[in-house]
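Reader: I am new to reading structures, and I would like to learn how the words used for them are justified. Could we go through some of them slowly?

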Amino acid sequence: MSDTYPTTRPAAKGPAGAGPAEGRLFEASDDGRRPRRYLLTMYPYPSGDLHMGHAEVFAITDVVARHWRAKGFDVLNPVGWDSFGLPAENAAIRRGEHPAAFTEANIATQAASIRRYGVSFDWSRRLHTHEPEYYRWTQWLFARLHERGLAYRAAAEVNWCPQDRTVLANEQVADGACERCGTAVVARTLTQWFFRITAYADRLLDDMSLLEPGWPAHVLTMQRNWIGRQAGPEGTTYRLHDWLVSRQRYWGAPIPVVHCPECGEVVVPDDELPVELPHLEGDELVPGDVSPLAGAHDWVRTTCPRCGGPAERDTDTMDTFVDSSWYFLRYLSPGYDGGPFRPEDAARWMPAALYVGGVEHATMHLLYARFVTKVLYDMGLVPSPEPYARLMNQGQVVNHGRAMSKSLGNGVDLAAELDRHGVDAVRLAMLFSGPPEDDVDWADVSPEAMRKFLARVLRLVPAADRGSPASGGSSASRGSSLSRPGSRRPAEGPALRRAVHRTVHDVDALIEAGRFNVAIARLMELVGEVRRAAMGGRAGDGPGAGDGAGDGTGAATYREAVEAVAVLLSLFAPHTAQELWEGLGRTTPVAAQPWPDVDPELLVTTEVEAVVQVDGKVRDRLRVPVDVGAADLERAALARPAVTRAVGDRAVRRVVVRPPHLVNVVLG
């Protein structure tokens, strides 16, 4: 048995989804030249490949990250893995291998899938919680809590899971069963380590006033109910109990305490951290009534840091929720060796502007992270008593109304869906299915429809090429996507230019509000407008032979519109957007483009689109003043060539006019 287990870590290879032109585009510069925004995704557990839930949460956060960068923010959007825990240990026992091998193989698989999915993470700050350079600081945190009287060991009746053979915190018991495996828990009396979270119960409640603008109300309600403050005859009481952090399992951060016959419990000094896990494998990992670490006799026997006499190490490991209670701070100072993070880095980035993840963590991870942040705030290490200014919960991805399960036969393999429809089509389908907080029923989602939409987008390029400098057209390919205020060209395509500016304005606001599905719908409407301009006012499968003069659109304005489509589309479907961008002759990455400025004058609605039907079937569209009269609208509609062709020799029985939006010609 070697002293410690080996770990392997792949070198960072640049941003996920990035091509050679993008380089280090997605890394936070932290140079102070731009306002900062910290975007955080609940980091995944490495159990197999990515699943449909990952596809949803990563798509959501990537839209926000790309939007903020385009708006000029220095965005920190890091990636890591919550890589300690029972699933890896149980899998290793079944396979007869070390948990590190299982964990690191799954991390490599997930990292490759994330890159394929095109998520714009900052890979330079990547972390794995099972690595000694990370859990060194988890142990440091334990020591700080201990010296403040917030970490203590006591005999208590605890929840014991007979299946996983470990104790559980109250938060990990649901309806009397283990939250992870579903086995009925039993009561046992054991001496365990606790964190005194009850000392912060009042502050955890009272500081919710700081969160109310940005956190979902139902999450705060869940935390209030879990803490359960009540006034009684003997003073205030709580439903909340202290956080039980001892685990009788191997794959976790060792508790940094030695037990000395002379000195009692002694916390390992900071300069002797980390206390590394010994290498155990095979039958050595099988749990019993005590931790497997108790069998690592050479590791257990040590000397007391205080008196130098013989002592024994504590053989419990820490709950993995301790790892995740502070990981967002390690992202701020990757590789820093003087502490878990630099306080000055925390002062620059914290609190996180947005945290995205599942509501199932409301009374565990989110509550624990708030507690630890308050302790660090009291130590003067972080600038805010709360870790996350805004929280967004994503819904669950189900299939035919039920949670996905192999036993139910309704599981959906993400990799197979990506192979079948393409990455961007799956991303769009996820985002278009509804608000982020709603459940997504994959049976109702249509990635194939999104694939067809993206194909239509790419067919915008040939018509745009007619406005390239080589053909004597616009020089827009060398400038910005949209004209800047004060420099617009009112003679070219006023209707299309107005639609572009309105769409850019609307998509901007919709993304900030988290209404990604509506933002995509507005982008689809703009694509329709651009296609009709290419057809000279006629919608079709691709650009026609005309130059878009049907609504007064010139080649330069048309090209600017296609460039705007590429910039907006890059938030949702980055691979297709880059292909469209390169088709326009642009050599810089579309992900590096700034958000287009909007001319306020073009946001004033003076014209709208009127739909012209013949016997209920759409035959044409035309731009009309918002105050157009019924008679003028009818006259203009009946004069359109497409309408006269549709009417032919038949008699017009009546014309239904609903100004300014609709004309329906009813034939006899």
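Author: Let us start with a definition: two strands count as paired if DSSP finds at least two bridges between them. In this predicted model, an open sheet of four strands has the order β2-β1-β19-β20, with parallel pairing. The twist averages 20° from one strand to the next.

Reader: How do you know that β1 and β19 pair?

Author: Three bridges join β1, residues 36-41, to β19, residues 354-357, and since at least two are required, the two strands therefore count as a pair. Within this region, Leu40 stands opposite Tyr355 of β19.

Reader: Why are β2 and β20 called edge strands?

Author: Strands β2 (74-76) and β20 (391-393) each pair on one side only. Across β1, β2, β19 and β20 lies helix α1, residues 52-70, which runs at about 170° to β1.

Reader: Why is Cys260 said to be in no disulfide?

Author: The nearest cysteine sulfur, that of Cys307, is 3.7 Å away, whereas a disulfide needs the sulfur atoms within 2.5 Å, so Cys260 does not qualify. For Cys304, the nearest cysteine sulfur is that of Cys260, 3.8 Å away, and Cys304 is likewise in no disulfide. The structure holds zero disulfides.

Reader: What makes Asp345 buried rather than exposed?

Author: Its relative accessible area is 3%, and because buried means under 20%, Asp345 is called buried. Asp345 is found in helix α10, residues 343-349, and, leaving aside residues up to four places away in sequence, touches Asp30, Leu332 and Ser333.

Definitions and conventions
Residues numbered from 1 in each chain as written. Predicted model: local features only at pLDDT ≥ 70, side-chain atom pairs only at ≥ 80, totals over all residues. Heavy atoms only, no water. Buried < 20%, exposed > 50% of the residue type's maximum accessible area, 1.4 Å probe, protein only. Contact = heavy atoms within 4.5 Å. Axes fitted to C-alpha atoms, helices over the stretch in contact; angles between N-to-C directions.
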